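Me: Please take a close look at one part of this model, a single sheet, and describe how its strands are arranged.

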Amino acid sequence: MAFVVSTEEREGILVITLKDENNGCKAEIYSFGALLNQFSIPVNEEALNTIDGFPSPVDAKENITKGFKSTKLSPFVCRLTKGIYHFNGNIYKIDKFYMGDSAIHGLLFDQFFTAKETGADNEKAFTVLQYQYNKKNEGFPFGFEMEVTYTLTAGNNLTLTTKVTNTGNTDMPLSDGWHPYFTLGSTVDILKVKFNSKRMVEFDDTLVPTGNYISYNQFNEMKTFGDTFLDNCFELNATNTVACSLLNPVNGLQLNIIPSDAYPYLQIYTPPHRNSIAIENLSSAPDAFNNGIGLIIAKQGTQHVFSTTYQLVIKQHAE
């Protein structure tokens, strides 16, 4: 077969590997957090991992809150002011992880998913990971089931599809996203960057949306990132097309990110070390439980699907 899938247990955590045997493209997924720890292709005859991941599953478990690398963001994304929100006449307070006075990055980043299904044939390799949320002590007393499917196909395409089903007996608020850090074999300073947005969400000094937007067109065309610092949320002009591209002009490696219409926002963060860059597909703006920007009200029994594709390309003429 052109594609293969393998599973092994490392340090008590299931590790699933999807591989294209034709060209060596590979994705490695942990059952812990359903996180993507590797998406690699051979560059100059050596495998280059484009994910700034963890050295081992146990390291991921111990250090997941130090950067939240590759975490699933759900049922809320980014910051939630003071961890408090109102829904259906009730007030709730999230009891999970805080940065300053904001709850951040949802409730599933440190949870173990179950491998529901894996498979491979001549067209793809895939795995389906599942998690049932029914906790009452975290300030989100709404039951839901999540399935995360990773599918590797020809052309170095890796698609991440999330299905969230409201299994409770009431409606519930919902936002969804991902928090990967990408590296193309260099610091981010030399990368050429382009993203498909003409305005960003205005933040206050706590990085919470004010409700306004600011024009922003610095990277509407491919240009060198340089010393740019970003910790901002951008509204995409269009989905189901390339929302963001990163190109390393030295080795010719380019990453394209192609979200479905379920992810109309892009959060971009430059960490101080500048060895990688977080590019987060989001279904809503941060603090959506309070500001309602992109917020989904998931009806009882309904399912919501979110999808994005990461594509790796080797350009023929590197600088």
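Reply: Ile16 stands opposite Ile29 in strand 3. Strands here are DSSP runs of E with at least two residues, numbered from the N terminus. The model is predicted, so local features need pLDDT of at least 70 and side-chain atom pairs count only at pLDDT 80 or more, while totals for chains, interfaces and linings use all residues. Residues are numbered from 1 along each chain as its sequence is written, and side-chain values use heavy atoms, with hydrogens and water left out.

The two strands around this position are strand 2 (residues 13-20) and strand 3 (residues 26-30); they run antiparallel and are joined by 5 bridges. Two strands count as paired if DSSP finds at least two bridges between them. In general, strands of a sheet pair through backbone hydrogen bonds, either parallel or antiparallel.

Strands 2 and 3 belong to an open sheet of 5 strands, in the order 1-2-3-4-5, with antiparallel pairing. At its edges are strand 1 (3-10) and strand 5 (46-49), each of which pairs on one side only. On average, neighbouring strands of this sheet are turned by 20° against each other, direction ignored; the axes are lines fitted to C-alpha atoms, and angles run from 0 to 180 degrees between N-to-C directions.

Elsewhere in the chain, Lys194 lies in strand 19 (residues 192-195). The C-alpha atoms of Lys194 and Ser74 are separated by 27 Å, with their positions 120 residues apart along the chain.

Definitions and conventions
Helices (H or I, at least four residues) and strands (E, at least two) are DSSP runs, numbered from the N terminus.
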